[in-house]
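Please work through the exercises below with the sequence and the coordinates at hand, and attempt each task before reading its solution.

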Amino acid sequence: MDILDTSKLIECTVSNEDLQSLIKELENVYESLLREKGEKTEEDLNLIGELYMLIVRLKKTLKKRMSITS
């Protein structure tokens, strides 16, 4: 799955501020999913893992974009 490949940056046209906001919102969802009580199915764990990988990719993309504009 291409979205899980952390070696690639995500191309996007949103502003750095919007990207930072999106990352924060995704981190909040990720943390909420981790805190949920009860049994987690394999599908739940896969979703949590994919969400984490997406956050990592977005952070790499933002870091790269910020270093280019500096």
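The exercises concern a predicted model, and each task is followed by a worked solution.

**Exercise 1. Overall composition**

Task: Determine how many helices and strands the chain has, and what share of its residues is buried.

Solution: Begin with the secondary structure, where the chain turns out to have 2 helices and 0 strands. Next turn to accessibility, for which the cut-off is under 20% relative accessible area; buried residues make up 20% of the 70 residues in the chain. The surface as a whole comes to about 5400 Å², of which carbon and sulfur atoms supply 55%. Finally, consider contacts between residues at least 6 apart in sequence: 79% of these join residues at least 24 apart.

**Exercise 2. The faces of helix 1**

Task: Describe the span of helix 1, and establish where its buried residues lie when the helix is seen down its axis.

Solution: Helix 1 has 20 residues and reaches 29 Å from its first C-alpha to its last, which is close to the 28 Å expected at 1.5 Å a residue. Its buried residues are Asn 16, Leu 19, Ile 23, Leu 26, Glu 27, Tyr 30 and Leu 33. Seen down the axis, these buried residues fall within an arc of 125°, so they line one face of helix 1. On the other side of the helix, Glu 17 and Arg 35 are exposed, while the cover over the buried residues includes helix 2.

**Exercise 3. The nonpolar core**

Task: Identify the residues of the largest nonpolar core and the helices that supply them.

Solution: The largest nonpolar core holds 10 residues, namely Leu 19, Ile 23, Leu 26, Tyr 30, Leu 33, Ile 48, Leu 51, Ile 55, Leu 58 and Leu 62. Helix 1 and helix 2 each supply at least two residues of this core. To follow one member in detail, take Ile 55, which touches Ile 23, Leu 26, Glu 27 and Tyr 30 when residues up to four places away in sequence are not counted.

**Exercise 4. The aromatic pair**

Task: Count the aromatic pairs whose ring centres lie within 6.5 Å, and classify what is found as stacked, edge-to-face or tilted.

Solution: The count comes to 1 aromatic pair. The rings of Tyr 30 and Tyr 52 have their centres 5.7 Å apart and their planes at 40°, so the pair is tilted. Tyr 30 lies in helix 1 (residues 16-35) and Tyr 52 in helix 2 (residues 42-69), so the pair ties together parts that are 22 residues apart in sequence. As a last step, check accessibility: Tyr 52 is partly exposed, with a relative accessible area of 40%, whereas Tyr 30 is among the buried residues of helix 1.

Terms used. Residues numbered from 1 in each chain as written. Predicted model: local features only at pLDDT ≥ 70, side-chain atom pairs only at ≥ 80, totals over all residues. Heavy atoms only, no water. Phe/Tyr/Trp six-rings, centres within 6.5 Å; stacked < 30°, edge-to-face > 60°. Helix = DSSP H or I, 4+ residues; strand = E, 2+ residues; numbered from the N terminus. Buried < 20%, exposed > 50% of the residue type's maximum accessible area, 1.4 Å probe, protein only. Core = buried A, V, L, I, M, F, W, Y, C linked by side-chain atoms within 4.5 Å. Contact = heavy atoms within 4.5 Å. Expected span 1.5 Å × (residues − 1). Arc of directions from axis to C-beta. Areas by Shrake-Rupley, 256 points an atom, 1.4 Å probe, with all protein chains shown as cover.
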